[in-house]
Amino acid sequence: MKTIMILGASILQLPAIEKALTMGLKVVVVDMNPNAVGMKLPRVISEVVSTIDIPAVVAVAIKHSIDGVMTLASDMPMRTVAAVAKELGLVGITDDTALKATNKAIMRQALKDAGVPVPMFFKVSSKDEYNAAVSNFAVPFIVKPADNSGSRGIFKIADLSVHKQIEEAYSYSKQYSRNGDVVVEEYMSGSEVSVETLTVDGECHVIQITDKITTGAPHFVEMGHTQPTRLPGNISTRIAEVAKAANKAIGITNGPSHTEIIVTSEGPKIVEIGARLGGDCITTHLVPLSTGVDMVESCIKIALGKEPDIEAKFCKGSAIRYFDQQAGIVEAINGIEKAKAINGIYQISIVHGVGETVTEIDSSTARMGFVIAQGNNAEEASDIAEEAKDSLNIVIGTK
Ligand SMILES: Nc1ncnc2c1ncn2[C@@H]1O[C@H](COP(=O)(O)OP(=O)(O)O)[C@@H](O)[C@H]1O
Ligand SMILES: [Mg+2]
């Protein structure tokens, strides 16, 4: 029996842990939180170790003689995945790829060097460097931490005359930067998509392209995803080419990637690329609903050095929509059962429910819940998801 090690045991990793169990594998799960949901599943071998403690995770991998290592949709353990793969000679990304996939400054440079379209950018490590970088830009432009995710610390500067905003953007963004570096970059205007790929023995396959809805400025939190993209064929072809080039540029030879792209007037440019599956239910729910491809199973197989089944089984539409919310205490969420009964609704989930304090949506973890729909095409799935979302009556009281 083969052994797979999954880094992280939170609800985000559950689809991978559950899939590995149903595949009959021996499953080792690593998380610093002994109470994480995935640690408690029957047949799971739990190891209470931080997923970013590389030597400790390598030791666990050796102890269990694992045959493969993966994490689902999280950037944090990426470097650990690389280190374990290297130490045990398993399929996976290299340290270099892990760095290029998680540090936005290094990523942008690697993409630029390979001729992959990116916005103009500057990495800044101090206030002086920041001020110097800012002088190169006309408004609007973006300030973001070099190494965070979930839209934490993203800021759009819209007016150069508001000096306070420029000052505040730096400190706002820097507080979310783990290594202290901040990236200042050109604002790209246009439709935003993500590209989900699986690379097998050096060949990158585009599995699906997803249209995105975000809150927009200042924080750009994703509020909805729809598959397949409704952009015209010539543009989606170009998007797929850019995503494949990005995979090559950062050196992914086996495994998944999630590439975010904005289609500017100069063509598609990269927002970022992750050497992992896309989150927000994109790869765990939406891709299976729109194509029949099981990306999670495929990733487990790739990690174990087996051939994945990546052929589309059908062509339908799928969509996720996050609830609208404002800051306050959730008093009631009415109409869930009725919304669930709408034809095409696949799932409704509450992340922050009655009694919990919620904030405005300033990062993806703030979002209180979502609906997922399937339709015959993207438009239909989107309409169904919107209808279900709008039919809910969410009462949020002020504090
Ligand atoms: N240069 C940019 N131009 C326009 N929008 C951007 C730019 N950079 C980021 N964004 C917006 O902010 C969102 C989050 O930025 P991203 O770099 O993907 O950070 P995270 O790792 O937190 O997801 C993007 O999905 C996009 O909507
Ligand atoms: Mg992103």
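Helices are DSSP runs of H or I with at least four residues, numbered from the N terminus. The structure used in these exercises is a predicted model.

**Exercise 1. Helix H9**

Determine how many residues of helix H9 are buried, and what follows just after the helix.

Solution.
- Step 1. The cut-off for a buried residue is under 20% relative accessible area.
- Step 2. Residues of H9 that are buried include Ile282, His285, Leu286 and Val287. Leu289, Ser290 and Thr291 are also among the buried residues.
- Step 3. The count is 8 of the 10 residues in 282–291, so H9 is largely enclosed by the rest of the structure.
- Step 4. Just after H9 comes glycine 292, with a positive phi of about 80°.

**Exercise 2. The magnesium ion**

Identify the protein donors of the magnesium ion (ligand 2) and place them in the chain.

Solution.
- Step 1. An atom counts as a donor here if it is N, O or S and within 2.8 Å of the metal.
- Step 2. The OE atoms of Glu260 and Glu272 are the protein donors, at 1.9 to 2.1 Å from the ion.
- Step 3. Glutamate 260 belongs to strand E12 (residues 255–264) and glutamate 272 to strand E13 (residues 267–274); the two are 12 residues apart.
- Step 4. Both glutamate 260 and glutamate 272 are buried.

**Exercise 3. Two salt bridges between distant parts of the chain**

For the pairs lysine 123 with aspartate 181 and arginine 230 with aspartate 211, state the N to O distance and the exposure of each partner.

Solution.
- Step 1. A salt bridge requires a side-chain nitrogen of Lys or Arg within 4 Å of a carboxyl oxygen of Asp or Glu.
- Step 2. Lysine 123 and aspartate 181 meet at 3.8 Å, N to O. Lysine 123 is in strand E5, while aspartate 181 is in the loop between H7 and strand E8, 58 residues apart.
- Step 3. Lysine 123 has 43% relative accessibility and therefore counts as partly exposed; aspartate 181, at 12%, is buried.
- Step 4. Arginine 230 and aspartate 211 meet at 3.1 Å. This pair joins the loop between strand E11 and helix H8 to strand E10, 19 residues apart.
- Step 5. Arginine 230 is partly exposed at 39%, and aspartate 211 is buried at 11%.

**Exercise 4. A surface patch**

Which residues gather in a patch of negative charge, and is aspartate 390 buried or exposed?

Solution.
- Step 1. The patch consists of Glu380, Asp383, Glu387 and Asp390.
- Step 2. Aspartate 390 lies in helix H12 (residues 378–391).
- Step 3. Exposed means over 50% relative accessible area. Aspartate 390 is at 54%, so it counts as exposed.

Key: Residues numbered from 1 in each chain as written. Chains lettered and ligands numbered in written order. Predicted model: local features only at pLDDT ≥ 70, side-chain atom pairs only at ≥ 80, totals over all residues. Heavy atoms only, no water. Patch = residues over 30% accessible without salt bridge, like charges linked within 9 Å, V, L, I, M, F, W, Y side chains within 5 Å. Areas by Shrake-Rupley, 256 points an atom, 1.4 Å probe, with all protein chains shown as cover. Lys, Arg positive; Asp, Glu negative; His and termini not counted. Charge placed at Lys NZ, Arg CZ, Asp CG, Glu CD. Buried < 20%, exposed > 50% of the residue type's maximum accessible area, 1.4 Å probe, protein only. Donors = N, O, S within 2.8 Å, 3.2 Å for Na, K, Ca; no water.
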